[in-house]
Amino acid sequence: MLTSTHVPGGPAWLDLGTPDIDAAVAFYGAVFGWEYASAGPAVGYGFFRLGGRTVAGVGPLTEEGAGSAWTVYFRTEDADATAKAVEQAGGTVRIAPGDVFTAGRMAGFTDPTGAEFAVWQARDVRGLDLVNDPGSVSWVELYTTDLAAADAFYRAVLPWDTRDLPVGGGLEYKVAGPAGGGVETVHGGLMQLPEGHLAAGSRSEWHPYFEVADCDAAVAAAAGHGAVVLIEAMDAPGIGRVGMFLDPFGAPFAVIRSAERNAES
């Protein structure tokens with residue numbers, strides 16, 4: 001689960017780019033019970049909410065050739081400085097830093113392995129209202145074609161510390177958290193894509209994990225409403241019970257009943 005939020009380098013925001021907002025609202029509403037609130041017809045952007053609290057944003061695809069995807073925004077104190085750091089570290093600025101009215105300042109990037117992400121410099125809008133509770137994001141994870149390169153890049157552009165985490169099965173995995181925060185403060189993971197996935201053409205990408213009360217029920221709901229199931233509900237020792245999908249338009253995401261929640265129960 002996320003233990004570091006609203007701190008520099010931590011996940012601050014999350015949004016979905018989709019070719020059909022109405023269909024996305026129907027799908028995620030069925031899976032998580034989310035409601036939709038428009039930011040206004042002139043904006044073309046809106047918010048997924050649960051119990052009146054914002055858990056994510058949603059908007060149309062705005063970049064030529066873009067496919068449906070979830071974008072993770074990491075908190076920065078200076079979006080312009082982060083953009084310069086991205087270029088110096090070998091990444092690409094896809095969306096130059098710009099103001100989002102008075103809410104904050106954002107920029108979009110691609111890391112050297114091809115994964116897209118963004119940063120958020122908060123002003124009026126600090127970030128998401130709800131994390132870790134069922135129906136909200138509780139982890140973010142990078143699948144990467146080059147773990148060493150990705151690790152070096154993100155530590156160069158964001159105030160992160162990373163450390164190896166043994167996960168078994170021959171997988172290489174690192175966890176990330178705020179610099180100086182220690183092993184108890186984490187916000188995401190970086191995983192080396194196995195050789196078989198690389199041979200099959202898998203690419204680097206960030207995806208969110210949404211906490212759920214019942215992983216098996218969430219998997220069934222997602223599949224029943226048009227998602228492609230990539231990983232059926234399964235136990236990950238010490239982590240929780242997880243499942244992974246592509247939503248009806250191809251955006252990858254996962255669900256988790258965290259081990260911490262089981263312990264609390």
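**View 1. D164 and K174, a salt bridge between two strands.** D164 is exposed, with a relative accessible area of 56%, while its partner K174 is buried at 14%. The cut-offs make those two words clear: buried means under 20% relative accessible area, and exposed means over 50%. Keep in mind as you look around that this is a predicted model. D164 and K174 form a salt bridge here, and their closest N and O atoms are 2.7 Å apart. Where do the two residues of this pair sit? D164 belongs to strand β10 (residues 160–164) and K174 to strand β11 (residues 173–178), so the salt bridge ties together parts that are 10 residues apart in sequence. As for the general idea, side chains of opposite charge can pair when their charged atoms come close.

**View 2. D99 and R123, a link between distant parts of the chain.** Here is another salt bridge, this time between D99 and R123, with 2.7 Å between the closest N and O atoms. D99 is in strand β6 (residues 92–100), whereas R123 is in the loop between β8 (116–122) and β9 (137–144). That puts the two residues 24 apart along the chain. Are these residues buried, partly exposed or exposed? D99 has a relative accessibility of 47%, so it counts as partly exposed. R123 is partly exposed too, with a value of 42%. The pair also belongs to a network: salt bridges that share partners join D80, D99, R105 and R123. If you want the overall tally, the model has 9 salt bridges.

**View 3. R155 and D151, a salt bridge within one helix.** Now zoom in on helix α3 (residues 147–157), which holds both R155 and D151. They are 4 residues apart, or about one turn of the helix. Their side chains meet in a salt bridge, with an N to O distance of 3.1 Å. Which of the two is buried, and which is partly exposed? R155 is partly exposed, with a relative accessible area of 41%, but D151 is buried at 7%.

**View 4. The open sheet and the helices lying across it.** Step back a little and you can trace 8 strands forming an open sheet. Their order is β10-β11-β12-β9-β13-β16-β15-β14, and the pairing is mixed. Which strands are at the edges? They are β10 and β14 (228–236), each of which pairs on one side only. On average, neighbouring strands of the sheet are turned by 25 degrees against each other, ignoring direction. One pairing to pick out is β9 with strand β12 (residues 188–192): they run in the parallel sense over 5 bridges. Look for T144, which stands opposite Q192 in β12. Helix α3, the one from View 3, lies across β9, β10, β11, β12 and β13 (205–211), and runs at about 150 degrees to β12. Helix α5 (residues 215–224) lies across β14, β15 (240–246) and β16 (252–258), running at about 10 degrees to β15.

**View 5. V43, V100 and F101, a nonpolar patch on the surface.** Which residues make up this patch? V43, V100 and F101 do, and the patch covers about 290 Å². V43 comes from the loop between β2 (35–38) and β3 (46–50). V43 is partly exposed, with a relative accessible area of 40%. Patches take in residues with over 30% relative accessible area, so V43 passes that cut-off.

Notes: Residues numbered from 1 in each chain as written. Predicted model: local features only at pLDDT ≥ 70, side-chain atom pairs only at ≥ 80, totals over all residues. Heavy atoms only, no water. Patch = residues over 30% accessible without salt bridge, like charges linked within 9 Å, V, L, I, M, F, W, Y side chains within 5 Å. Areas by Shrake-Rupley, 256 points an atom, 1.4 Å probe, with all protein chains shown as cover. Salt bridge = Lys/Arg side-chain N within 4 Å of Asp/Glu carboxyl O. Buried < 20%, exposed > 50% of the residue type's maximum accessible area, 1.4 Å probe, protein only. Pairing = 2+ DSSP bridges. Axes fitted to C-alpha atoms, helices over the stretch in contact; angles between N-to-C directions. Contact = heavy atoms within 4.5 Å.
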